[in-house]
Amino acid sequence: MSPQSSLAAEGVLKTNPGRFFEDFRLGEALVHATPRTLTAGDASLYTALTGNRFALHSSDDFARSLGYPKAPLDDLLVFHTVFGKTVPDVSLNAVANLGYAEGRFGAPIYPGDTLTATSEVIGLRETSDGKSGVVWVRTRGVNAHHELVLEYVRWVMVRKREPGRVAVPEATVPELSEAVPVERLLIPRGLHLQLYDPRLAGSPHLWDDYAVGEKIDHADGMTLEEAEHQTATRLYQNTAKVHFDQLAADAGRFGKRIVYGGHVISMARALSFNGLANAFRIVAIHGGRHTKPTFAGDTLFAWSEVLAKEELPGRQDLGLLRILTRATKNSVASDCPALGEDGKAHPDVVLEFDYSVLIPRRAGLGGT
């Protein structure tokens with residue numbers, strides 16, 4: 001028995017060493033600590049760290065023209081905040097975060113709103129080497145009125161405390177949808193686009209102008225800095241050790257701290273503004289995976305493929321685009337790299353992110 005396990009058995013240990021694979025139980029409900037009230041300061045810092053330029057999140061006046069009371073906080077700032085709540089209970093001892101599915105965004109969040117999060121363990125499977133296991137959780141974030149703000153499934157590889165010493169449960173792998181169906185999407189109440197101004201949004205290209213299969217090189221690059229990625233991760237109160245502890249990293253596989261994968265998602269989304277500036281709201285996360293680690297000093301580029309175009313029932317002003325955005329590191333994305341010669345992710349690709357966005361339709365815009 002490890003010293004920490006011995007202390008815990010004696011009731012002495014007061015600190016949280018994080019859960020190991022053996023500690024999870026199928027169907028277990030996890031109530032995550034530290035409710036978080038997000039502020040305008042959080043929004044400004046998020047902009048400084050990611051370069052987000054989407055007009056909806058930048059201008060109260062623009063947001064009010066669409067029926068919002070003021071500019072809502074960026075969808076991914078909300079996602080990362082909810083994600084950060086889960087880390088001490090789910091992934092403090094993670095080897096890797098493996099993927100996302102069935103993500104839905106609900107009520108918009110504004111400065112002054114408070115987020116809380118809970119998760120349910122929906123799957124467990126030991127890895128073949130017996131040193132770790134995969135844990136699936138469904139996480140829900142709500143506001144102070146208990147309205148759904150976000151829900152998603154993620155699965156993460158978690159170390160075992162003492163491999164081989166504790167019996168593990170029979171493997172249970174949840175069946176997950178390939179995509180969130182349109183009828184389950186949550187469209188913000190009161191949203192209207194008659195006054196949407198593409199000039200202020202930054203692009204003339206609307207839902208009508210995109211084609212399924214189209215590929216968009218977002219052209220710009222951003223270099224990750226050590227202080228920036230760690231500040232971003234602290235902003236979300238994400239305490240995963242792999243992002244902060246250089247002493248531990250010295251003894252690890254890479255010898256340096258890994259960038260939080262969510263920060264890579266945010267940078268890819270910010271880069272996508274150049275080509276998708278009117279994709280003003282993320283409504284679903286269908287899937288996502290981090291295909292390679294990213295480190296400080298890497299330069300990220302991104303390109304997107306339009307996977308699907310869908311109309312929304314009863315809406316002439318609004319449509320859906322399903323987008324697959326890939327981020328590359330230290331390699332421009334002008335040739336839209338996807339797969340390598342071995343059929344796996346291209347060696348320069350670090351992220352594959354499959355999501356749906358709301359985007360205006362030309363028929364519903366006054367005078368456009």
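# A guided tour, starting at helix H7

Begin by selecting the residues of H7 that are buried: they pack against strand S2 (36-37), helix H2 (40-50), helix H5 (75-90) and helix H9 (261-271). Helices (H or I, at least four residues) and strands (E, at least two) are DSSP runs, numbered from the N terminus. Buried means under 20% relative accessible area, exposed means over 50%, and partly exposed lies in between (1.4 Å probe, protein chains only).

A note before you go on: this is a predicted model, in which local features need pLDDT of at least 70, side-chain atom pairs count only at pLDDT 80 or more, and totals for chains, interfaces and linings use all residues. Residues are numbered from 1 along each chain as its sequence is written, and side-chain values use heavy atoms, with hydrogens and water left out.

**Stop 1: helix H7**

Select residues 226-235, which make up H7. Which residues of H7 are buried? They are His229, Gln230, Ala232, Thr233 and Leu235. Now pick His229, which is found in this helix, H7. His229 counts as buried because its relative accessibility is 1%. Show its side chain together with that of Glu226: a polar contact of 2.7 Å joins the two. A polar contact is a pair of N or O atoms within 3.5 Å; within protein, one must be able to donate a hydrogen and the other to accept it, and residues adjacent in sequence count only if both atoms are side-chain atoms.

Next, light up what His229 touches: His243, Ile258, Val259, His263 and Ala296, not counting residues up to four places away in sequence. Contact here means heavy atoms within 4.5 Å. Before leaving, step just past the end of H7 to Gln237, which takes a positive phi of about 55°.

**Stop 2: helices H9 and H2**

His263, one of the residues you just lit up, is also one of the buried residues of H9. Select the whole of H9 and you will find that 11 of its 11 residues are buried. Now add H2 to the view. How far apart are the axes of H2 and H9? They are 9 Å apart, and the two helices pack at an angle of about 80°. Therefore H2 is roughly perpendicular to H9. From H2, the contact is made by Tyr46, Leu49 and Thr50; from H9, by His263, Ser266 and Ala270. By class, this contact has three nonpolar, three polar and no charged residues.

For the angle, axes are lines fitted to C-alpha atoms, for helices over the stretch in contact, and angles run from 0 to 180 degrees between N-to-C directions. Angles under 35 degrees count as roughly parallel, over 145 as roughly antiparallel, 65 to 115 as roughly perpendicular and the rest as oblique. For the classes, Ala, Val, Leu, Ile, Met, Phe, Trp, Tyr, Cys and Pro count as nonpolar, Asp, Glu, Lys and Arg as charged, and the others, Gly among them, as polar.

**Stop 3: Ser203**

Move to the loop between helix H6 (198-201) and strand S7 (215-217), and select Ser203 there. Ser203 counts as buried because its relative accessibility is 10%. A polar atom of its side chain lies 3.1 Å from the backbone nitrogen of His205. Leaving aside neighbours within four places in sequence, Ser203 is in contact with Pro198, Ala277 and Asn278. For a long view, draw a line from the C-alpha atom of Ser203 to that of Glu126: they are separated by 48 Å.

**Stop 4: strands S10, S11 and S12**

Two strands pair if DSSP finds at least two bridges between them. Start with S10 (residues 299-311), which is joined to S7 by three bridges and runs antiparallel to it. Look for Asp217 opposite Trp303 in S10. On to S11 (residues 318-329): 11 bridges join S10 to S11, again antiparallel. These two strands form a hairpin with six residues between them, and Gly314 in the turn has a positive phi of about 75°. From S11, another 11 antiparallel bridges lead to S12, where Ile359 stands opposite Gly319. Select S12 (residues 349-360) by itself: 12 of its 12 residues are buried.

**Stop 5: strand S6**

Finish at S6 (residues 148-159) and select Trp155. Trp155 is the bridge partner of Gly99 and also of Trp136. The antiparallel pairing of S3 (residues 94-105) with S6 has eight bridges, while 11 join S5 (residues 132-142) to S6. In the turn of the S5 and S6 hairpin, find His146, with a positive phi of about 65°.
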